[in-house]
Amino acid sequence: MPSESAEQDIQNLEIPDHLPLLPVRDIVVFPYMVLPLFVGREMSIKAIEAALAGNRMIFLATQKVLDVENPKPEDIHDVGTIGIIMRMLKLPDERIKILVQGLSKGTVRKYIQTDPYYSVRIAKVIEAKPATASLEAEAVMRTVKEQLEKIVSLGKVLMPDVMVVIENLEDPGRLADMAASNLGLKVEVTQDVLEIEDPIARLRKVSDILSKEIEVLSMQQKIQAQAKGEMDKTQREYFLREQLKAIQKELGELDERAEEVAEFRKRIKDAKMPEKVLKECEKQLKRLEKMHPDTAESATVRTYLEWMVELPWSKKSKDNLDIKAAAKVLDEDHYDLEKVKERILEYLAVRKLKDKMKGPILCFVGPPGVGKTSLGKSIARALGREFVRVSLGGVRDEAEIRGHRRTYVGALPGRIIQGIKQAGTSNPVFMMDEVDKVGMDFRGDPSAALLEVLDPEQNNAFTDHYLGVPFDLSEVMFITTANLMDPILSALRDRMEIIGIPGYTEEEKLGIAKKYLIPRQLKEHGITEAHIQIDEPALRQIVSHYTREAGVRNLEREIANVMRKVAKKVAEGKIRCYSITTANLHKFLGVPKFIPEAEQEKDEVGVCTGLAWTEAGGDVLYIEATSMKGKGLLTLTGHLGDVMKESAQAALSYVRSRETLLGIDPDLFAKTDIHIHVPAGAIPKDGPSAGITMATALASLLANVPVRRDVAMTGEITLRGRVLPIGGLKEKILAAKRAKLSTVILPKRNEKDLEEIPKHLLRGIRLIFAETMDDVIKAALQRPSAPRTKPGRAGKRPPTKRARASRAGKTKRAGRSRPLAPAI
C-alpha cells in the first residue's frame, strides 16, 4: 500500500489521454492496488512492450467473459484502472510477469487501435473528496470496518497488515476499494463496485456485500459446528468402545462375539443401505450383541444379518449403451429373431437418452428349443449386466417367491432375493423360466405373488417376508419364458410384454446348424473341420428325417451323435476327414426316425388336409370322413378333445343347413351314419382351428365331390357358416410349407397377421382368405362338369324336383320323426 507521499506523487502524475489496453481475465484492478500479473497472449505482450517503450502506463480493463481467448472491444468492460508497470520479468515459457500499481480509475472513450494491440482514448475519473467527513460517511465507514472484523472472526482469511491499513483509512472511496479487492468476490460483483463513482454509494454497496457474506459464513460455521458435534460424539463413542475393549482384554473377557459384532458393524456401513434398512440392521445388531452366543435365536439373527450385508443395496452394473456393439453381440449369438433384438435395442436407445428408467418386463413365448433361455444370456452380455436364471416349473409354494417369515426354523428369502444376491448387483437381467408351469395348492398361489415382482409400479419396494424391509427391483430387467400363454394367470399376463418366438423353418434350421451348432459341437468333442465335413443335403436330411420339432434342441443332439462317432474313430487312430452324406448318414444315426407324411396321390372324397398348432410347432392333420348305412349317428375318433368334438357337431349342422346348395339328398342324414377320424389316434388333439377342415371333409363326403389334395386349411366355423380367426399362423404356414402344399385357406380376419411373418416364408404358397364357409368350399372342392350323384349310387341321375317333394311329403307323414335342418 503506497504511503501518503507516494499517493501525492500519483495524484501529480500526468496521465495521457490515450494508452495501450491490457485485458485481464479473472481479477479487477483498483486504484492504489499493487499486484503481479502473468501475461501470455501475444496482443497483451505487445501492449506491455508499447507501455514500457513510453511512460510505462497502461489501461487495465476486465473481460466480460473469461473464456474468450481473443476478446473484441465489446467483450471488455469500459470502466477500468490506469496503472503503471513497476517491474517486468520474462519467464522461460515465453510469458511475461509484471508488477503493476493502480493509479486512478478511467473510462474508455474510443478504441484508437485494434492491431497488433488495443490502444484506447481514456478519460480519468476524478472522485470528489468532501472537505469534512459527514456523519453518514462516518457511520458507513464504521459499519464496514465492524463487518470486516466480524467476517475475520467467522473464519474469513484476511492478511493482518490489510486489516491494519483498513483501520487507519479515513477516505470512504479508498476503504470501499480496499475491502472489495481483498474479499475474494466474483469478478462481476467486484466490477460493479469499481464502476460506482460516488464514494459513499460505493461503500454502501460494499456494506451490503459484507452483510450477505456474514450470513453465509454464519450458516457455514453453524453447519461445521453441527458436523463437529456429530464427529465428537462418534469419536467419543469410538474412544469409549476402545477403552471397553482394552479393559475386557485385560480381564480376559474379550471373546469372538465382540469381534463378530464389530465385523458386522463395519459390513453394514460398507453396504450403503437405505435409511430404513440401516435402522433395521442396527436394531438386529444390538439384539445380537445382547444375546448369548449359544441360543437358537442368536443363530437366526446372525443368518439374517449375513443376508442383509451381502445383498447389493447400492451396487449396479454400468450399462453398455453402444447400440451397434449390442446389436453385434445379439447377432453373434442368435440367428433371426429380429423382433426380439429390435426390442432390446429400443430399450438401450431409450436408456441412452434417459438415465433413470424402469426395467422392462418381457415374456418370451414359444415352443421348446427355440432359444428363449439362451436369448436371455445374450441380452445380459449385450447390456453388460449380470445374468440370473430361476426355473419356476413345478413351484407351488408362495414362499418360494416371497420368502419364509423368520419365525420358522430354516427360513430363507425367496428365489427373487436369492437371485439378486447371486448376481451381486441390483440391476441384473433376471430370467424366470417356465412361468406357464407354476402350480398352486393349499400353501398359496405363486403366480399371485409374482404380480408384485413383475409390476413396474410396485416392485420398487418389493418386500420379502424374510427380509421384512423393501428392496428396489425397478432397475432389474425381468424376462420370463413360457411354452403356452393360456395357463398364465390373466392378471400376470397383463403385466408382461408378450413377444412370440415361433418355430424355425427348415432353411433357418440349416442356417443355425452351420453358424452355431456345428462349430459348437466340434469344439465340445475336441475335433476340427479337418476331421469331419457334413454336406448340406445330409444336414437337410437330419432336419427332416431325424427331428420333428419347432426348435433346434434335438437337431443339436443328432449332430452331437454324429460328432461322437467320428471322435471315437479319431481317438482309435483312424485319423482322416470323414464326409457325411445322405448315402452314409444312416451309418451314423441309424434308420430315419420320422418319415415325412406321404403326399396324397390323387384328390379324394372325404379327406381334407388341416393345419394344427402343437408345442413342437405347426403340423399337418389329415381329417377323414366316411359314411355307412345307419340311423344318422355321428362318430368321432382320434383322441379328440371337447372343443374339436363341438367343432365337428357344428360342422355337421352347417353342412345339413346347406344340403340344397351342395346337392345333398335330405334323406341321406336319417339313413346314414357318419364317422370322422383324425389319424394318429394315440396323440391327444384339441383346439378351435379344425372346424372348417371337418366341415369341408363332410361336405366333400356327402356331396361326393373330391377335395383338392394341394389345399390345406385352418379356421373355426360357426353355425351360420362364418369363419373365425385362429392363432399360431406362422407355425401353420411352416407346416404347410414342409408338407409341400401349394394353397392354404385362412380366415379373412387373419390377413392382418401376415405383417408379422417373414416374406420368404410366403414364397411358393398361395393364400386364400375366407370370410364364410362358402368361400372355403368354393376353393377346396373340385367342381366337375357332370352332375353330382349320391355316395354309394354312382351312375344314377339325381332325383327330380317332383320326386324330392314326394319323398319329403312321405317323411312328413311318417310322424315327423326327424325335423329338417333349417336353411341359412
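The following exchange between a trainee and a mentor concerns helix packing in a predicted model.

Mentor: In this predicted model, local features need pLDDT of at least 70 and side-chain atom pairs count only at pLDDT 80 or more, while totals for chains, interfaces and linings use all residues. Residues are numbered from 1 along each chain as its sequence is written, and side-chain values use heavy atoms, with hydrogens and water left out.

Trainee: What makes helix H5 largely enclosed by the rest of the structure?

Mentor: Buried means under 20% relative accessible area, with a 1.4 Å probe and protein chains only, and nine of the 11 residues of H5 (residues 172-182) are buried, so this helix is largely enclosed. Among the buried residues are Arg174, Leu175 and Asp177.

Trainee: Why are H3 and H5 called roughly parallel?

Mentor: Angles under 35 degrees count as roughly parallel; H3 (residues 135-153) and H5 pack at an angle of about 20°, with their axes 11 Å apart, and they are therefore roughly parallel to each other.

Trainee: Which residues of H3 and H5 meet?

Mentor: Taking contact as heavy atoms within 4.5 Å, Met141, Val144, Lys145 and Leu148 in H3 meet Pro172, Leu175 and Ala179 in H5. These residues divide into six nonpolar, no polar and one charged.

Trainee: Why are H18 and H20 called oblique to each other instead?

Mentor: The axes of H18 (residues 506-524) and H20 (residues 553-571) come within 10 Å and cross at roughly 45°. Oblique covers the angles left over once those under 35 degrees, over 145 and from 65 to 115 are assigned, and H18 and H20 are therefore oblique.

Key:
Buried < 20%, exposed > 50% of the residue type's maximum accessible area, 1.4 Å probe, protein only. Helix = DSSP H or I, 4+ residues; strand = E, 2+ residues; numbered from the N terminus. Axes fitted to C-alpha atoms, helices over the stretch in contact; angles between N-to-C directions. Nonpolar A, V, L, I, M, F, W, Y, C, P; charged D, E, K, R; others polar.
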